[in-house]
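Me: I'm new to this structure. Could you walk me through how to read it?

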Amino acid sequence: MPALQRDEAQTRARLIDVHRYAVELDLTHGEEWFGSRTVIHFTARAAGDTFVELKPAELHSATLDGRPLDPKALDDNRLPLTGLAPGDHELRIDATMRYSRTGEGMHRFTDPADGEAYVYTQLFMDDVQRVFAAFDQPDLKAVFELTVTAPEGWSVLANGITEDLGRGRWQAAPTPLISTYLVAVAAGPWHSVRTEHAGLPFGIHCRRSLAPHLDADAEEILDLTRRCFDRYHEIFEEPYPFDSYDQAFVPEFNAGAMENPGLVTFRDEFVYRSAVTDTERQTRGMVISHEMAHMWFGDLVTLQWWDDIWLNESFAEYMGYQVLAEATRFTDTWTDFAVARKGWGYDADQRPSTHPVAPAPEDVPDTASALLNFDGISYAKGASALRQLVAWMGNKDFLTGINDHFARHRFGNATLADFIDSLARATDRDVHAWAARWLRTTGVDTLTPEVRDHRDGTWSLAVHQTGSSDGTRPHHLTVGLYDHDPHTPGRLLPRTPLSWDLPHDGDHTATGDRPALLLLNDQDLGYAKVRLDPRSWDTALAALSGLPDPLTRAVVWNAARDMVRDGELPPTAYLDAARAHLPHETDLAIVQGVLAFARTQIADRYLTADRRHTALATLTALSRDILRRTEGPENGTATGLRLVAVRALISSATTPEGIQDWLDDGSVPGGPHLDPELRWRILGRLATLGATTPELIDAELTRDPSATGREGAARCHAALPDPAAKQAAWDALFTTDEGTALSNYLFTATATGFWAPEHHDLLRPYVARYFTDAPALAAARGPALAAAAGRDAFPAVVVEEDTLRLGETCLADGDPTPALRRKLIDQLDDLRRALAVRAAAAGDAA
């Protein structure tokens, strides 16, 4: 469907005001279709023409002020409204809509565990028109009144409190003024846990087959929710603006979560049915906190157009981590941010597709281009910039500016200029200049120390700033100084750190001994790649695990990661550092992050096939080291470390011996017992190694007939090193027939099983096919599947010049959709980097 142009939205916003929607949805028409009736009350400020958006299976009727409109006038997703006179108008639409299997619009899912069906909306950006007719742009806010007819036995959730009217009819309380993309409905035989807090009804919901797992974690989830809710009320003067707070964990959800006011939807993998680490629980808590921040950032005050998406996502990302750290037991959230999110921003900011945190209006001309900006820049870089801003201007003034912003624009829309104006009213700092240097520019700076010893016994430090900002972007940094502990070998002791402001601070000269390790951006308050001077790097290699603070260690690991990606550190040196220090590491986020980079990037992409086996052997030995060091009485950290090590050992196994024994015994010696996630993980690795059969995979699916079991089986079947299995997986991936096409989750599961580095010779013929079949799939199945095809089905493990050439030809001649084109641009840039890292590593070896 055609994307809405910014100028079209501006023209429509000048012409009309939208007051109220009355929406009736009938979910009793079977598995393919649902009924949608909409009445829109709006006012035209002047005479003119406009249009309403709708993407129906069939448009039955449309009337404007009682005058019938011709359904045949619907052009793709636009129904013209011509000859509007100044004054009030009523538009009525009656249509049949199609359920989605791609997580867009109204998604329908049938749970294989018990046959129960569930539906929920995901209307973000421009998908409301897949559910009901709307003037679909964020600055035409309105009141929404929803009525839903559902099958008997279902319950219905919505933005407001819902009332069961009997005979399957449910009525939701009218919303305050909200944008079209924030309307939400979730219906099905939900399992619900309800409570009350601060005078409001709170609820958490999941499908029935997950009920025992939700119940097991209900108190933790609700406690986090209450604590974050209370903390937001301490720092925000504007109270929570909606009548209830429901959190629904829904199946096959494309994002982590969605901030629908009053009804936040989460991917239901957050209802843990298998063992997870405490860091993964922290991640769930962060997402809860992030989405709650959106009730103010995005829902109460909404962007005027999609160029200001950072006003939603960067703030929610920053506040999500900060409030979780302030209000809950998860006090080390910024270590996880440094390890799990910061690199996402750095990587995105170095690709050709990079963009400013706040792009210029002309760079976001339509909704299709806006959708591409939901990436590591809008989330991780934007949050990093805000963290830097808070360090620079002070938390008190920052919160004063935020509260001024809420007060001035409550239930309305705002722009970057509006927000910067509110900040400027709260501080004497030049926030306009800060915004120009941080929010309107692209690229990541690299900060390199120059340390010199002088004959008079002093030493000096200079910091060199390079990158796209040409040395003019301001950085407020902490410089950590560390000495060897004379009493404990391998341990480092901190000195009083230095505070550093770039580009203003000049050389720093100090008396006394030079520190053994000097670390720029200690505590990770800045957004910049950092390098270590030679002496500091030698110290880090010898004593990294002896640094006392996990956030400091995370900064060093990120520096090593960036040096590998930039071809300055051999990948094998990173593996050696991991082997030396991870067995002594106590922070789960660091262990998880380092192992993930070592396994998925170094072993699978940065090392050639002849060196990959050695890398996997190193990771297997490292995992066994961690298992040995965590034997004995159980405690939370040791249990989490064992789980991380078991996962890593499974994924790195080069032979079935050992992991097959675990599967047969149902347990790892010394723990843990194998839960469904670990069983599928082992079976997937055995499939890749050619050490299992389709019959054994199907037997495991019989044992675990859940939705995740079905995904596990799809992944395992696609991973078999058999030509027939690969062909069957490929056919399933790239069919566009609505009746047999894979859902979004089954697509991802199949794709991730398909591309195994071990199967290069078997997979090579499919590389060329990908660049023909992926554009056709993207055009037929829409943005969500286009993104999945570019992210999960791309032949990333075939690191060859020929892959690059085929991809560049596809970009030039294959006409991929915008969503796929963006993914291809990023994947090909990562491929170029992998080839460069391999070339640099070959030169080092020579």
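Reply: Sure, we'll take the whole chain, then a sheet, then a helix. This is a predicted model, where local features need pLDDT of at least 70, side-chain atom pairs count only at pLDDT 80 or more, and totals for chains, interfaces and linings use all residues. Residues are numbered from 1 along each chain as its sequence is written, and side-chain values use heavy atoms, leaving out hydrogens and water.

Me: What radius of gyration does the chain have?
Reply: The radius is taken over C-alpha atoms, and the globule rule is 2.2 Å times the number of residues to the power 0.38. For 846 residues a compact globule would come near 28 Å, and the chain has 27 Å, which agrees. Of those residues, 61% count as buried (under 20% relative accessible area, 1.4 Å probe, protein chains only).

Me: How do I read a sheet?
Reply: Strands of a sheet pair through backbone hydrogen bonds, either parallel or antiparallel. Strands here are DSSP runs of E, at least two residues, and helices are runs of H or I, at least four, numbered from the N terminus; two strands pair if DSSP finds at least two bridges between them. One open sheet with mixed pairing runs β27-β23-β22-β29. β27 (508-510) and β29 (529-530) stand at its edges with a single partner strand each, so one side of each lacks a neighbour in the sheet. β22 (446-453) and β23 (459-466) pair in the antiparallel sense over 8 bridges, with Arg-452 partnered by Ser-460 in β23.

Me: Which residues of α20 are buried?
Reply: Among them are Gly-709, Glu-711 and Cys-716. Their cover includes α21 (723-734) and β8 (105-110).

Methods
Buried means under 20% relative accessible area, exposed over 50%, partly exposed in between (1.4 Å probe, protein chains only). Contact means heavy atoms within 4.5 Å.
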